[in-house]
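Me: Please take one charged pair in this structure and look at it closely, then follow the chain outward from there. I am new to this structure, so I would like a careful, connected account.

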Amino acid sequence: MSATPALPEQGLSWLLAREGEIGFRVSAARAAQRAWALVPVAERAERLAKAGDALISRMDEIVAVIREENGKREVEALGHEVGGAVGAVRWTCANAPRLLAAEAAPVTWLPHRKPVIERVPLGVCVVISPWNFPVSIPLGQIVAGLVAGNAVLLKPSEWSPRCGALVVDLFRDCGLPADLLQLVQGDGRVGAALIDAKPEKVFFTGSLVTGRKVMAACAQFPIPVSLELGGIDALIVCDDADLELASSAALWGATMNGGQVCASVERILVDERVVDAFMGRLRAKAERLDPSDVGPCSMPLQSKVWERHLADANKRGLNVAKYGAVSLIDGPGVEASDVYRDETFGPIAAIATFRGDDDAARLHNDTDFGLTASVFSADVDRAERLAKRLDAGLVSINDVAATMHAFAELPWGGKGSSGFGRSHGEDGLREFTMPRVIDRPRGGIPGFKRPWWYPYDGDQVELIRAFVTIVGDRHTGRRVRSAGKLLTAFASMMRRSPRL
Ligand code: TXE
């Protein structure tokens, strides 16, 4: 893995230059977007599908760059990155024409009009992405933004610039207008400058701390923002769970991608009646786990978080058991520890116990985060009842990280400190659009001055009272009588006062 990039230590002049350049880049993107928005969705999707072809034909190159820059294990680079990205391209391009099609929206109160709801692009979208999934996270958002008719400026993490450049290069054969998709390298200062350039949308994936800064910056204008933040996701083991399955799921869920996943298992909640049997299996597997299967720390500063949380656990007198690359922490008071309450984002998990489903739901929801969760029980219906009580955006039953970010069909995101907005799925695609209503005269009905326009007179009051009753009353007799009153008032109105 190459040494992570030295952060550019430029002075104010550099930043001002970059801000000037960024303003120009956003203007160029906006000009390109206006032409791109006129291309039919089906044609946009057809062109963008070529990025999926590039992902397949350049698979080995992509995996090599990810592994060099991020250290990810090959199977994870292939499955979570290339697999997740090509799945996002294929699903998005196949479904965008249907999901973005204009739809008639008849309105009871407007029999003489024909409203249509269009899904129109927002304009210039800025995608700010992290280092832990440096290909699949930005690529899925880019293809959604572009197929919806937007321009996209990608600012990859400064810890994965090569992956970011590769992501944009995968679109080179898509026949996109110049400046429609642009790569803007740099650290948080460049990210902040992109927001200051007033795009029409910001899509951020990263930490809660930075997400707050991004949201505050967007609020100045205001710019709509989607925040995909972290999580302290939990795996819940009920008293009737298959402990063999649950312990394997917990080990993999807590350490895949080196534990550097917003959806990784940071908390393992076990019914106290089976905790000893469960921990026996989990520890035995952790001991057998080949440390080389667990990816490295991909961003040097992250290991400082790991060290801080382990030190806090030791200071609290908790049991900190290390098995090669994996650390398991439990003991009285674990729920108050940093490793339990904050995102560790590493191959470290805290274990806490509960008794019964009510206690499990309480323990799970006792956090500000709410991204994903998993529930293990022999009774799937029981597990589903418990799942419905959990503050989380996605819950797997007898599985872990099953409905994860890699599956483009499903909306990905959480609540609370895990952020808001969605990527993937119909919800995610629509995050890159704005509904616009255009209402046309219903064919054949001549233009006429509306009875509710001026002058305001007695006939009009009678007519509108009758119309409201016809539309809103559930009593048939009153509605029939009101129809007669409406016609009488309308005839009188037409005879008497000309409308203004
Ligand atoms: O995130 P940052 P980092 C969490 C995880 C990890 C922590 C730090 O807990 O420990 O974030 O990771 C850009 N305006 N997740 O440092 O700082 C920055 O350049 C605009 C969870 O990578 O949030 C980078 O491109 N942009 C998450 C991006 O924001 C700014 C995945 C993320 O950086 C900015 C990754 C600013 N003021 C980390 N400051 C997940 N949901 O999986 C920084 N950036």
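Reply: Lys 155 is a good place to begin: in this predicted model, Lys 155 has a relative accessibility of 3% and therefore counts as buried, since the cut-off for that word is a value under 20%. The side chain of Lys 155 meets that of Glu 158 in a salt bridge, with a distance of 3.7 Å from N to O. Side chains of opposite charge can pair in this way when their charged atoms come close. The structure holds 34 salt bridges, and some others will come up below.

To see the setting of this pair, it helps to look at strand β4, which covers residues 151-155. Strand β4 pairs with β3 in the parallel sense, over 5 bridges, and within that pairing Val 124 has Ala 151 of β4 as its bridge partner. Between the two strands the chain passes from β3 through helix α5, residues 136-147, before it reaches β4, and this β-α-β crossover is right-handed.

Strand β3 itself, residues 124-128, has 5 of its 5 residues buried, so this strand is largely enclosed by the rest of the structure. Its side chains point in two directions: Val 124, Val 126 and Ile 128 go one way and Cys 125 and Val 127 go the other, yet all of them are buried. β3 also pairs with strand β6, residues 201-205, again in the parallel sense, here over 4 bridges, and Val 127 has Phe 203 as its partner in β6. From β6 the pairing carries on to strand β7, residues 225-228, which runs parallel to β6 and is joined to it by 4 bridges; one of the residue pairs here is Phe 204 with Leu 227 of β7.

These strands belong to an open sheet of 6 strands with mixed pairing, in the order β5-β4-β3-β6-β7-β15. At its edges stand β5 (181-183) and β15 (419-420), each with a single partner strand, so one side of each has no neighbour in the sheet.

Further along the chain, helix α6, residues 161-169, contains Val 167, a residue that is buried, with a relative accessible area of 0%. Val 167 and Glu 68 are 99 residues apart in sequence, while their C-alpha atoms lie 15 Å apart in space.

There is also an open sheet of 7 strands, with the order β10-β11-β12-β9-β8-β13-β14 and mixed pairing. Its edge strands are β10 (319-323) and β14 (394-397), each of which pairs on one side only, and the twist from one strand to the next averages 20°. Within this sheet, β9 (residues 267-271) and β12 (residues 348-354) run parallel and are joined by 5 bridges, and Asp 271 has Phe 354 of β12 as its bridge partner.

Returning to the charged pairs, Asp 240 forms a salt bridge with Arg 382, and their closest N and O atoms are 3.2 Å apart. Asp 240 lies in the loop between β8 (234-237) and α9 (243-255), whereas Arg 382 belongs to helix α14 (residues 380-387), so the pair ties together parts that are 142 residues apart in sequence. The partners differ in how far they are covered, since Asp 240 is partly exposed at 27% relative accessible area and Arg 382 counts as buried at 14%.

A further pair is formed by the side chains of Asp 330 and Arg 283, which meet in a salt bridge at 3.4 Å, N to O. This pair also links distant parts of the chain, with Asp 330 in strand β11 (residues 326-330) and Arg 283 in helix α10 (residues 275-288), 47 residues apart. Asp 330 is buried, at 14% relative accessibility, while Arg 283 is partly exposed, at 26%. As for networks, salt bridges that share partners join Asp 239, Asp 240, Asp 271, Arg 273, Asp 357 and Arg 382 into one, a group that includes Asp 271 from the β9 and β12 pairing described above.

Set beside the buried Lys 155, the surface offers a nonpolar patch of about 550 Å², made by Val 107, Trp 109, Trp 452, Trp 453, Ile 464 and Val 468. Of these, Val 107 is found in the loop between β1 (103-104) and β2 (113-121) and is partly exposed, with a relative accessible area of 35%.

Terms used:
Residues numbered from 1 in each chain as written. Predicted model: local features only at pLDDT ≥ 70, side-chain atom pairs only at ≥ 80, totals over all residues. Heavy atoms only, no water. Patch = residues over 30% accessible without salt bridge, like charges linked within 9 Å, V, L, I, M, F, W, Y side chains within 5 Å. Areas by Shrake-Rupley, 256 points an atom, 1.4 Å probe, with all protein chains shown as cover. Salt bridge = Lys/Arg side-chain N within 4 Å of Asp/Glu carboxyl O. Buried < 20%, exposed > 50% of the residue type's maximum accessible area, 1.4 Å probe, protein only. Pairing = 2+ DSSP bridges. Axes fitted to C-alpha atoms, helices over the stretch in contact; angles between N-to-C directions. Right-handed = clockwise from strand over helix to strand, strands pointing away.
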